[in-house]
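Biologist: Could you take a close look at one part of this model with me? I would like to begin with a pair of packed helices and then see what surrounds them.

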Amino acid sequence: MKKKTQKLIGLVMAVAVVASMLAGCSQKLSGTVATDGSTSMENVIGALGEAFMEQNDGVTFTYNPTGSGSGIKAVQEGRCDIGLSSRNLKDEETASGLTATVLAYDGIAVIVHPDNPVADLDVETIAKLYTGEITNWKDAGGSDAAVVLIGREAGSGTRDGFESITGTEDACQYRQELTSTGDVITAVSQNPDAIGYASLASVSDSVKALTVGGVAPTEDTVKDGSYVIQRPFVLVTKTDAKLSEAAQAFFDFATSADASDFISKAGAVAAN
Amino acid sequence: MGKHQRFIENLIHGIFLFLGLVTVGCVLLITVYLILSGIPAIRQIGLLDFLLGDTWESTAKEPSFGILPFILTSIYGTAGAILFGVPVGFFTAVYLAKLAPPKVKAVVESAVSLLAGIPSVVYGLVGMLVLVPGIRQLFHVPDGASLLAAIIVLAIMILPSIIKVSVTALEAVPQEYEDASLALGATPIETYFRVSAPAAKSGIAAAVVLGVGRAIGEAMAVMMVSGNVPNMPSLFQSVRFLTTAVASEMAYSSGLQRQALFSIALVLYLFVLLLNAALNFFLKRKKEG
Amino acid sequence: MQSNWITTKRKGYIGLMRGLMALSTALTCGTALFLIGYVLIKGLPSITWELLSTKPSYLAGTIGILPDILNTVYIIVATLLIVLPLGVGAAIYLTEYASSQRLVTVIEYAAETLSGIPSIIFGLVGMLIFANSFGSCLLAGALTLVIMNLPTVMRTAQESLKTVPQSYREGAFGLGAGKWRVVRTVVLPGCVDGVITGCILSAGRILGESAALLFTAGFAHVLNGFLSGLGSPGATLTVALYLYTKEPGPGGAQASFAIAAILMALTLTINFAAVLVGRIFKKRRAL
């Protein structure tokens, strides 16, 4: 009998543990800042979060890189404090009670294989390449080889930004639609005839970033707008709900002038 | 037996019954959730337009949601993987089950289970770095990310299940069958292929169905090597599978697009249920036969 | 002697089959060796103590996988804690209690169906059921993995229960023990090996899982204790590998191969453990 009681107690405890874990999942402790959204913003928001936690000992900062759309949805449903989007909010999203605050700007680099002789393209030629009007590199100042177009999947903030600036919405003849910055860079680095686009902050030596209309993508050219292929990094909050104390503090920190160093170190250009 | 004890016994019987039914509950839960979240988009798009439409432009201004390219790609890709993977797996299995010295067998078998244990992301990564450029150079195509690349990756990924299940089936063939064949003058090799293999055929069929299941359900690896563009399938074209259609757009999706992705998952689920019924059929035959 | 009456045609057939077997086995082993070698060569040099013992820092630009290692441990422990009672209980019901053959068929069919479902579908359903109701967190991931691994644990427990000799049960009943007592004292100890094998197999599957966790467990690389870890989003090693492949950042590419090499070593260990456990229990049973 005694054993039975012991086992019963064990069972009750197990249930209690599971229950407390469930409770822990949804609990928003004061002193926690939860952000959720764009994968392209990882470096920027990661650096900001880390700096913020160093300054405020008791605060826990979390970032869940799920994608712009998911982040916006998460704010709407109250699953996080601040949503992160690497595109501007659509009208229906603003109408549903969300506010966008531009945190930074990010250049979208147009990248080719390092062996590709082409070093500069204007926006018009890029558009012609992506819509399939030019299909051979020799018509764009390169060697005689078929152009391989690499881009991002539908719904990606990077694709959204690239296509809207080059005016190629729904018209791109992609050879590959990859699901991340890393995949695009890897694919371009493995194919001498490929062209792709990726967040400037992530571009590495394995690929060559083209100058666009003679302007190289750098922090300065993104800032003064002379490098035209860029998109905003946006903090999304609920219009009518107040942020928690910690979240508000983070929001203020991220949009303050103090944060611009961290943002530029992470490869983007601070808006403030 | 006291009343009290009988009560306890009944209670415990009830608890175990409940635990037994959890599995059934899970299947029902998954089915119900997938149907509930998959039906709305199909209703809105129309079943035929959804299943037989050949254009998928989920984020265009006038979106169209036709998943025929995905269905065909999944079927072709799986068939291709079976075409490559099953013969290789089968012959390896015969060797392991009948001919290999115990030490060789142990080494090869652990290599095979290691293959099974490699995370699919690693397959995708190595495929991207080695296979895709390789196909590009070997076949002189502009880009190597293609149905063929996906087929090769899938063929490798299904090898372990095919080999393991086939080996088990071949080892279960009664010794008397083989002895009789040998006594009649057949050589060992002839015996293994003409007597043992046919005797193990329902087990091997089960292995194939299992391989089909694994191939049709794989997402992360093929997403990285198949190019992921919703084209109609062709060997050197960039293609998108049912699984990769769901996996690639889910993170960013909203509205009807998101619902349509759940509908794709529902279609995939139905395929898997069908396969499972087939598997069950083969296994049952094995038990009876 | 034999060769005298084997026709050329038969010789050709035998040679062909031998050739095909050699070719296939070589292909299989070659692929496995290549994959293992490629990953190890690219990954081993990047495995440092710093990588294993720190958390990533965006400010310093370093990558550390300690949080991912802990998350992996947490999620394996949490999943096993929940799936073991469920799976073993179901197995006991099937072998000891079930009287209706139809119900047994239904439950077994359900288990087979579950084990055939692709992980991406588990991920979606886990997202709908768990993550959407209490947020992406390790627990949501663990619960998804519970459903995924239930059939494995159930089957291995069932297999080992079947090996408990019927005479033991009859003996215990004969001594006047009640059913529950027989189950507790005779049957349960008999399925320990099955439970351990089930644990090892499940741990291996969880270790390599990415699709089911991406939509349910989140991606954070934050150091947490067990309980707070379960309540917050976190990446396991495989998910971290996926993330570092997808968004490399500085050092991410090396880190992803390092993680791949670590995962491979762990998989090898798990395989050996499974073989070893199988052997030990076989020996014990033979005694």
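At what angle do helix H5 (residues 119-134) of chain C and H6(C) pack, and how far apart are their axes?

Modeller: Happy to. Before the answer, a word on reading the model: residues are numbered from 1 along each chain as its sequence is written, while chains are lettered from A and ligands numbered from 1 in the order in which they are written. This is a predicted model, in which local features need pLDDT of at least 70, side-chain atom pairs count only at pLDDT 80 or more, and totals for chains, interfaces and linings use all residues.

Now to your pair. Helix H5 of chain C, residues 119-134, packs against H6(C) at about 140 degrees, and 9 Å lie between the two axes. Helices here are DSSP runs of H or I with at least four residues, strands are runs of E with at least two, and both are numbered from the N terminus. The axes are lines fitted to C-alpha atoms, for helices over the stretch in contact, with angles from 0 to 180 degrees between N-to-C directions. H5(C) and H6(C) are therefore oblique to each other (under 35 degrees is roughly parallel, over 145 roughly antiparallel, 65 to 115 roughly perpendicular, and the rest oblique). Their crossing is right-handed (the near helix is turned clockwise from the far one by less than a right angle; anticlockwise would be left-handed).

Which residues meet there? H5(C) brings Ser119(C), Phe122(C), Gly123(C), Gly126(C), Phe130(C), Ala131(C) and Phe134(C). From H6(C) come Ala140(C), Leu143(C), Thr144(C), Ile147(C) and Met148(C). Residues are in contact here if their C-beta atoms, placed from the backbone, lie within 7 Å. By class, the contact of H5(C) with H6(C) has eight nonpolar residues, four polar ones and no charged ones. Nonpolar covers Ala, Val, Leu, Ile, Met, Phe, Trp, Tyr, Cys and Pro, charged covers Asp, Glu, Lys and Arg, and the others, Gly among them, are polar.

H6(C), residues 138-162, also packs with helix H4 (residues 101-116) of chain C: those axes come within 8 Å and cross at roughly 130 degrees. That angle makes H4(C) oblique to H6(C), and H4(C) passes H6(C) in a left-handed crossing. The H4(C) side consists of Ala111(C), Leu114(C) and Ser115(C). They meet Ile147(C), Leu150(C), Pro151(C), Thr152(C), Met154(C) and Arg155(C) of H6(C). This contact has six nonpolar, two polar and one charged residues. Ile147(C) thus appears in the contact with H5(C) and in the one with H4(C).

How far can you trust this region? pLDDT is the predictor's confidence in each residue, from 0 to 100. Chain C averages 87, and 96% of its residues score at least 70. Among its elements, helix H3 (residues 66-97) has the highest mean pLDDT, 93, and helix H13 (residues 252-286) the lowest, 82. The model as a whole scores ipTM 0.89 and pTM 0.87.

Stepping outwards, 64 residues of chain C are in contact with 64 residues of chain B. Helix H1 (residues 8-43) of chain C gives the most to the chain C side, with 16 residues. That side divides into 45 nonpolar, 16 polar and three charged residues.

Chain B itself has twelve helices and two strands, running α-α-β-β-α-α-α-α-α-α-α-α-α-α from the N terminus. Its C-alpha trace spans about 75 × 70 × 30 Å along the principal axes. Chain B averages a pLDDT of 90, with 98% of the residues at 70 or above. Helix H3 (residues 68-99) of chain B has the highest mean among its elements, 95, and helix H12 (residues 255-288) the lowest, 85.

Chain B also touches chain A, with 25 residues from chain B and 26 residues from chain A. On the chain B side, helix H5 (120-139), helix H10 (220-225) and helix H11 (242-249) each supply at least two residues. H5(B) has the largest share, five residues. This side of chain B is made up of twelve nonpolar, eight polar and five charged residues.

One caution concerns chain A, which averages a pLDDT of 84, with 89% of the residues scoring at least 70. Over residues 22-29 of chain A, pLDDT stays under 50, and the model has 13 contacts for them beyond four places in sequence. Where pLDDT is low, the predicted coordinates should not be read in detail.

Definitions and conventions. Two residues are in contact if their C-beta atoms, placed from the backbone, lie within 7 Å.
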